Amino acid sequence: MNGESIQTIFGLLTSSTARRKRLKIPTKYITTFFNIGHPFLFKELHKAFLYALKMKEGDVFPPIRAYTAGPFYYTLVDGCHRWLAHLMLGREEIEVEVLDS
């Protein structure tokens, strides 16, 4: 994906014309711009781990944001640490604010 595409996607986050809806989506249907072996994940795992501990204690976090990437797939654009925390806790669903272009 090129830089222009990424700017377009992140522009959706602040666009007032983007349609948004909140859904509970299976965590396995969320994809990312990077793969599981990406250095970002290893560097930032501590933050996701802290989020997982807080979630386990009952703290509520805002929904992640994703855009529709196919009939049953969504690409994550905001909330990587929250998504990773859900995976760490073995949660099968996550609340997602879906952005449609």
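Three helices and five strands: that is the secondary structure of this protein. In sequence order, the pattern reads α-β-β-α-β-β-α-β. What you have in front of you is a predicted model. The chain has 101 residues, and 34% of them count as buried. Take the contacts between residues at least 6 apart in sequence: 74% of those join residues at least 24 apart.

Confidence next. The average pLDDT is 80. A score of at least 70 is reached by 71% of the residues. Two stretches stay under 50. One is residues 1-10, where the model has eight contacts beyond four places in sequence. The other is residues 12-17, with ten such contacts. Where pLDDT is low, the coordinates should not be read in detail. I will leave those stretches there.

Now the strands. Start with β3, residues 64-68. Which way does β3 run against β4? Antiparallel, with four bridges joining the two. They make a hairpin, and five residues sit between them. Two pairs give you the register. Arg65 has Asp78 as its bridge partner in β4. Ala66 is partnered by Leu76, also in β4.

β3 also pairs with β5. Here the strands run parallel, again through four bridges. Look at Ala66 once more: in β5 it stands opposite Val98. So much for β3.

Turn to β4, residues 74-78. Besides β3, this strand pairs with β2, a short run at residues 30-31. β2 and β4 are parallel and joined by two bridges. Thr31 is the residue that stands opposite Thr75 of β4. How covered is β4? Mostly: four of its five residues are buried.

On to helix α3, residues 80-88. Why call α3 largely enclosed by the rest of the structure? Because seven of its nine residues are buried. The buried ones are Cys80, His81, Arg82, Trp83, Leu84, Ala85 and His86. Note that the list includes two histidines and an arginine, namely His81, His86 and Arg82. For reading a helix like this on screen, recall that an α-helix has 3.6 residues a turn, so residues three or four places apart point the same way. After α3 comes Gly90, with a positive phi near 75°.

One residue deserves a stop: Thr27. Where is Thr27? In the loop between β1, residues 19-26, and β2. Is Thr27 buried or exposed? Its relative accessibility is 7%, and the cut-off for buried is under 20%, so Thr27 counts as buried. What does Thr27 touch, beyond its neighbours within four places in sequence? Trp83, His86, Leu87, Arg91, Glu92, Glu93 and Ile94. Trp83 and His86 are on the buried list for α3. Take His86 in particular. Thr27 and His86 are 59 residues apart in sequence. In space, C-alpha to C-alpha, they are 7.7 Å apart.

Last item, the largest pocket. Its space comes to about 200 Å³. How many residues line the pocket? Thirteen, and those nearest its centre are Val60, Phe61, His86, Arg91 and Glu95. His86 and Arg91 have come up already, as contacts of Thr27. Which elements supply at least two lining residues each? α3 and β5, the latter at residues 93-100. By class, the lining has seven nonpolar residues, five charged and one polar.

To recap. β3 pairs antiparallel with β4 and parallel with β5. β2 joins β4 in parallel. α3 is largely enclosed. His86 is a contact of Thr27, and it lies among the residues nearest the centre of the largest pocket. Residues 1-10 stay under a pLDDT of 50, and residues 12-17 do too.

Terms used
Residues are numbered from 1 along each chain as its sequence is written. This is a predicted model: local features need pLDDT of at least 70, side-chain atom pairs count only at pLDDT 80 or more; totals for chains, interfaces and linings use all residues. Side-chain values use heavy atoms; hydrogens and water are left out. Buried means under 20% relative accessible area, exposed over 50%, partly exposed in between (1.4 Å probe, protein chains only). Two strands pair if DSSP finds at least two bridges between them. Contact means heavy atoms within 4.5 Å. pLDDT is the predictor's confidence in each residue, from 0 to 100. On a 1 Å grid over the protein atoms alone, a cavity is a set of points where a 1.4 Å probe fits but cannot get out, and a pocket is an open set with protein on both sides within 12 Å along at least five of seven lines; lining residues have an atom within 4 Å of a point. Grid points are joined across faces, edges and corners, and a volume is the space filled by probe spheres set on the points. Ala, Val, Leu, Ile, Met, Phe, Trp, Tyr, Cys and Pro count as nonpolar, Asp, Glu, Lys and Arg as charged, and the others, Gly among them, as polar.
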